[in-house]
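Here are some notes from my pass through this one, in the order I'd click through it. Have the viewer open as you read.

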Amino acid sequence: MPEWPALPPLADWRPTADAVHLWTQILGKVRLDRMPWTNHAWHSALYVSPRGLTTGLLPADGVEVELDVVGDRLRVRSASGDEWGFALGPMSVADFYRHTLDALAEAGVEPDVWPEPVERPGPVASFPDDDAVRPYDAEAVRAFWGALRQAHRVMTTFRARFVGKASPVHFFWGAFDLAATRFSGRPAPPHPGGAPNLADWVMREAYSHEVSSAGFWPGGDLGEAHFYAYAYPEPDGFRDHPVEPAAARYDADLGEYLLPYEAVRTAADPDAALLAFLQTTYEAAADYAGWDREALECELPPARG
């Protein structure tokens, strides 16, 4: 069974996590500019790669931008095999921003990047003005990426059980989380918005239809990494539904079910524990909201040899 890495307490690497969060926002905004709009801003998300997080191929430019946390390097690779980039380490967000745009320019790509961080509370500096040097705990970042890989693997299996509209398993740089979303197919009431430093119309478009969504993130104010699951709009009865495993709970302040990463990692069968959480929280959303589950779900194909 693949190894689920231990994660350090968030307090031990929070300055690094904050820096990498902003780095991913810069890469995400490059992708946002260079890709055609796709519903729910799916065109802007990053993807877990064998070495970190990537924009994937930017088709019009013939390049990929990867935050390679195995090799501690930002890499811009072209279809012709050329590569540009720079070493990752302690640096300011302004330097990361400048070096990234310089590497892209060498590759012949000049994106129009809106330089303001999003979904971060309080006054926030623009990327080119955020000139305080931030630490880089490479081991902590690699551990988090290892957790992302395992979460991505299990969430991809879960996604395969649904034939209705479903998102990819992708990394949203706004909230710094890996997410997968299922849709009932029915319109939802307008979302109230309110995400910090993010236009309300973005949230309304993202939640234009009923969803059951789940994901994984470092945990923010919770102090440790968690899996989460929620429904929009939340149907009556959702928060009182019995979900698995026993370590899962509903957080009324967040409006989400939460499951500590450590409870999954240390379970006798981590894959089964996470799949149980994803399935039972989805059932809570789908059953109480009256989704047509028979039409939307499917059995997994037999495992290959």
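1. Start with the S8/S9 pairing: strand S9 (residues 226-232) runs antiparallel to S8, and seven bridges join the two. For a landmark, pick alanine 214, whose bridge partner in S9 is alanine 229. Keep in mind throughout that this is a predicted model.

2. Now go to the other neighbour of S8. Strand S7 (residues 177-187) also pairs with S8 in the antiparallel sense, over seven bridges. A handy marker here is threonine 181, standing opposite serine 213 in S8.

3. How enclosed is S8 itself? Of the nine residues in this strand (residues 209-217), eight are buried, so S8 is largely enclosed by the rest of the structure.

4. Next, the packing. The largest nonpolar core counts 94 residues, and Phe96 and Phe227 have the most contacts inside it. Helix H3 (residues 138-159) is the element that gives the most to this core, contributing 11 residues. Both domains take part: domain 1 (10-136) and domain 2 (139-295) each supply at least three residues. As background, nonpolar side chains in soluble globular proteins tend to be buried together.

5. Phe227 deserves a closer look. Leaving aside residues up to four places away in sequence, its contacts include Trp4, Ala151, Gly215 and Phe216. Further along the chain, phenylalanine 227 also touches Tyr257, Leu258, Leu259, Tyr261, Val264, Leu274 and Phe277.

6. On to empty space. Three cavities of 30 Å³ or more turn up, and the largest holds about 100 Å³. Which residues are closest to its centre? Among the 14 lining residues, they are Phe158, Ala180, Arg182, Ser212 and Ala214. The elements giving two or more residues to this lining are H3, S7, S8, S9 and helix H6 (270-289). Ala214 is a residue you have already met, as the bridge partner of alanine 229.

7. Please check the loop between S9 and strand S10 (249-251), where proline 233 is found. The peptide bond joining tyrosine 232 and proline 233 is cis, with omega at about -10°. Proline 245 is in the loop between S9 and S10 too, and a cis peptide bond joins it to glutamate 244, again with omega of about -10°. For context, most peptide bonds are trans, and most residues other than glycine have a negative phi.

8. That brings me to backbone angles. Histidine 40 is not a glycine, yet has a positive phi of about 65°. You'll find histidine 40 in the loop between helix H1 (10-34) and strand S1 (47-48). Is histidine 40 buried or exposed? Its relative accessible area is 6%, under the 20% cut-off, so histidine 40 counts as buried.

9. Glutamate 119 is another non-glycine residue with a positive phi, near 55°. Glutamate 119 lies in the loop between helix H2 (93-106) and H3. Its relative accessibility is 29%, which makes glutamate 119 partly exposed.

10. Last, the overall layout. The chain is divided into domain 1 (10-136) and domain 2 (139-295). Taken over C-alpha atoms, the centres of the two domains are 24 Å apart. The contact between them takes 37 residues from domain 1 and 35 residues from domain 2.

Technical notes
Residues are numbered from 1 along each chain as its sequence is written. This is a predicted model: local features need pLDDT of at least 70, side-chain atom pairs count only at pLDDT 80 or more; totals for chains, interfaces and linings use all residues. Side-chain values use heavy atoms; hydrogens and water are left out. A nonpolar core is a set of buried Ala, Val, Leu, Ile, Met, Phe, Trp, Tyr and Cys residues joined through side-chain atoms within 4.5 Å. Buried means under 20% relative accessible area, exposed over 50%, partly exposed in between (1.4 Å probe, protein chains only). Helices (H or I, at least four residues) and strands (E, at least two) are DSSP runs, numbered from the N terminus. Domain bounds come from an automatic or database domain assignment. Contact means heavy atoms within 4.5 Å. Two strands pair if DSSP finds at least two bridges between them. On a 1 Å grid over the protein atoms alone, a cavity is a set of points where a 1.4 Å probe fits but cannot get out, and a pocket is an open set with protein on both sides within 12 Å along at least five of seven lines; lining residues have an atom within 4 Å of a point. Grid points are joined across faces, edges and corners, and a volume is the space filled by probe spheres set on the points.
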